Amino acid sequence: MAPLQPAIAGALVWLAPLFSKGLEPVAPGRPMAEVSAAMCGRCHGAMHKEWVASRHAQAWTNGIFQREYQQRPLDWCVHCHAPLDEQAAEIARTRRGGPLAAEGVTCAACHVRGPRILAATKRPRSPHDVEVVAEMTGPAFCAGCHQFGFPKLEGARVVGFHDVPMQDTVAQFLRGPQRARPGACRACHAAGPGLHAYPGAHDPAMLARALRLSVCDRAGTLELAVDNIAGGHHVPTGDVHRHVLLRAWRSSTPEGVFELSFGRKFAPAPEGGKRLIEDTTLPAGGGWSGRLPLATLGGEPDEPVNIELRYVYAIDEHEVPRHPVGEPLWAVVTHLRERTFRPCEK
Ligand code: HEC
Ligand code: HEC
Ligand code: HEC
Ligand code: HEC
Ligand code: HEC
């Protein structure tokens, strides 16, 4: 294999020889039977256990992905959510995939090319023939799947990318206050003793850590703030549909609900692809603040007020009839229910 120098596209860097951002399947050069996750797990038990519970392992099977994929089954989706060539072949035969596809983003997608194991260093006790890829510990490695533009289509084939990012996580990180953090993405995501848990928006502790909701009362008007205090990138980031809802209401007058959505909105661009028309996602270290006169909620003045931050994984928080996803479409990040709020300072 050619030496793995990061490729540069605009301001971005990714390891083009390893990942094509879904244009092609990943060819590990070995049959999956030899490099399945279960096989690696025989010696790497801690990594395997964490990986099984991670979204990487569930990238093909999870219901939120499957609902969208079955409506628009492009090979392009397959090459990131079940990236290996044998997984693609299985899906081409069966559409829903079988045991190979079910491994999702498996060990070999990140670590196996031909006879070699890719790693940042070779450990002293290692039995492997190692190809040293120093960049594996940096953001360029993750960018192969976590940074891409809206696709250029020829029929059902994706042949390239428009400039407007569909997922912008790595660029957000590189522009943000965490960019010099040693360990980069893995400092926050390679959690757990086996370094492969990769918790994100499906992990309640990560969500709770990421966002801080502050509320105070100034003469009957609430001053609200939502801050991204622990994300390495905007929150939400990743998939286009993800959004965070801030809601406030009194239980007796749900029709008076106050609601704001933090997310991205797009419109078709004249030259093809999409145009970003609104981005209210919360940048790392930044946030939103605003006012809410309590009277607009309706109800009785001494009735408790509910304030909730809710993370929604899909375009809508409600199930679509006939297409149940079989897993939660949203998670509560914070829920307050109070009669009175602390007075604002000054
Ligand atoms: C027969 C046992 C065994 C199997 C099977 C095995 N490994 Fe390893 N691997 C090791 C040992 C031992 C080390 C050194 C670990 C250490 O010292 O921390 C290692 C190290 C590694 C490393 C770090 C780089 C290096 O070589 O030092 C990676 C990455 C790795 N293995 C990936 C894999 C993957 C992916 C698979 C499945 C395709 C796999 N291993 C299968 C025993 C095994
Ligand atoms: C999404 C990509 C990805 C997947 C999937 C993945 N790994 Fe890794 N793994 C990495 C990265 C990045 C590193 C850091 C590189 C390094 O330390 O050499 C790493 C490091 C390792 C190491 C060295 C850990 C250490 O510090 O001692 C081992 C062993 C390993 N992986 C095994 C596995 C096994 C086994 C699986 C499947 C159960 C797996 N990996 C799945 C990306 C991945
Ligand atoms: C081969 C492609 C690939 C690579 C390389 C990769 N990922 Fe992923 N990652 C995915 C896919 C696909 C998903 C979405 C899984 C799903 O459907 O929920 C995902 C999910 C995640 C999630 C969970 C998101 C959530 O909402 O819970 C985190 C965190 C994550 N990746 C971090 C990383 C980091 C950090 C790296 C680099 C060390 C990396 N990934 C490398 C493909 C990849
Ligand atoms: C300072 C810690 C930190 C760093 C560094 C970091 N993240 Fe995160 N990340 C988080 C937290 C906290 C969350 C949970 C909140 C959320 O889901 O947005 C998260 C969520 C995610 C998600 C879930 C998607 C979503 O829409 O929320 C993905 C994917 C992800 N990170 C990938 C990455 C990648 C790739 C990098 C490196 C370019 C990275 N992260 C760097 C803290 C970090
Ligand atoms: C270039 C790689 C890539 C391609 C191509 C790709 N995805 Fe993803 N997808 C990801 C990554 C990385 C994530 C994780 C970010 C996140 O969790 O928000 C993800 C997350 C998702 C999620 C959110 C899953 C969850 O757990 O909440 C859905 C749904 C999804 N993708 C659907 C699709 C569909 C449908 C296609 C094809 C039209 C597709 N993706 C193509 C990389 C890709």
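In which sense do strand 3 and strand 4 pair, and over how many bridges? The pairing is antiparallel and extends over two bridges. This and other local arrangements of the predicted model are described in the legends below.

**Figure 1. Close-up of the open sheet of three strands, ordered 3-4-5.** The pairing within this sheet is mixed. Strand 3 (112-113) and strand 5 (130-132) occupy the edges, and each has a single partner strand, so one side of each is left without a neighbour in the sheet. Strand 3 is joined to strand 4 by two antiparallel bridges. Within this pair, R113 has R116 of strand 4 as its bridge partner.

**Figure 2. Close-up of the surroundings of ligand 1, comprising 20 residues.** The residues that come nearest to ligand 1 are C40, C43, A119, R123 and S126. Helix 2 (37-41), helix 7 and strand 4 (116-119) each contribute at least two residues to the shell. Helix 7 provides the largest share, with three residues. Sorted by class, the shell around ligand 1 consists of 12 nonpolar, four polar and four charged residues.

**Figure 3. Close-up of the surroundings of ligand 3, comprising 25 residues.** C142, C145, C185, G200 and A201 are the closest of these residues to ligand 3. Two or more residues of the shell come from each of helix 5 (75-81), helix 7 (107-111), helix 8 (139-146) and helix 10. The largest share belongs to helix 8, which supplies five residues. The shell around ligand 3 contains 14 nonpolar, nine polar and two charged residues.

**Figure 4. Close-up of helix 8, a mostly covered element.** Eight of the eight residues of helix 8 are buried. The buried residues are P139, A140, F141, C142, A143, G144, C145 and H146. Two residues of this helix, C142 and C145, are among the closest to ligand 3. Helix 8 also supplies at least two residues of the shell around ligand 4.

**Figure 5. Close-up of the surroundings of ligand 4, which lies between domain 1 and domain 2.** Why is ligand 4 placed between domain 1 and domain 2? Domain 1 (7-189) and domain 2 (204-338) both give residues to its shell, so ligand 4 lies between them. The shell holds 28 residues, of which C185, C188, A201, G232 and G238 are the closest. Helix 8, helix 9, helix 10 and helix 11 (204-210) each supply at least two residues. With five residues, helix 10 makes the largest contribution. By class, the shell around ligand 4 divides into 15 nonpolar, 10 polar and three charged residues. C185 and A201 are listed among the closest residues for ligand 4 and also for ligand 3.

**Figure 6. Close-up of the contact between domain 1 (7-189) and domain 2 (204-338).** The contact involves 19 residues of domain 1 and 21 residues of domain 2. On the side of domain 1 that touches domain 2, at least two residues come from each of helix 4 (63-71), strand 6 (147-154), strand 7 (157-168), helix 9 (169-175) and helix 10 (184-189). Strand 7 gives the most to this side, with five residues. The residues on this side of domain 1 comprise eight nonpolar, eight polar and three charged. Taken over C-alpha atoms, the centres of domain 1 and domain 2 are 30 Å apart.

**Figure 7. Close-up of R175 in helix 9.** Is R175 buried or partly exposed? R175 has 14 C-beta neighbours inside 10 Å and therefore counts as partly exposed. Between the C-alpha atoms of R175 and L84 the separation is 31 Å, and 91 residues along the chain set the two apart.

**Figure 8. Close-up of strand 9 (residues 221-228) and strand 14, an antiparallel pair.** Seven bridges join strand 9 to strand 14. In this pair, A225 stands opposite S289 of strand 14. Strand 14 (residues 287-293) is hardly covered, and the count of buried residues among its seven residues is zero.

**Figure 9. Close-up of residues 1-11, a stretch with pLDDT below 50.** The protein averages a pLDDT of 94, and 97% of the residues score at least 70. Over residues 1-11, the value is below 50, and the stretch has 18 contacts in the model beyond near neighbours in sequence. Where pLDDT is low, the predicted coordinates should not be read in detail.

Technical notes
Residues numbered from 1 in each chain as written. Chains lettered and ligands numbered in written order. Predicted model: local features only at pLDDT ≥ 70, side-chain atom pairs only at ≥ 80, totals over all residues. Domains from an automatic or database assignment. Contact = placed C-beta atoms within 7 Å. Helix = DSSP H or I, 4+ residues; strand = E, 2+ residues; numbered from the N terminus. Nonpolar A, V, L, I, M, F, W, Y, C, P; charged D, E, K, R; others polar. pLDDT = per-residue confidence, 0-100. Near = placed C-beta within 6 Å. Buried ≥ 20, exposed ≤ 12 C-beta atoms within 10 Å, placed from the backbone. Pairing = 2+ DSSP bridges.
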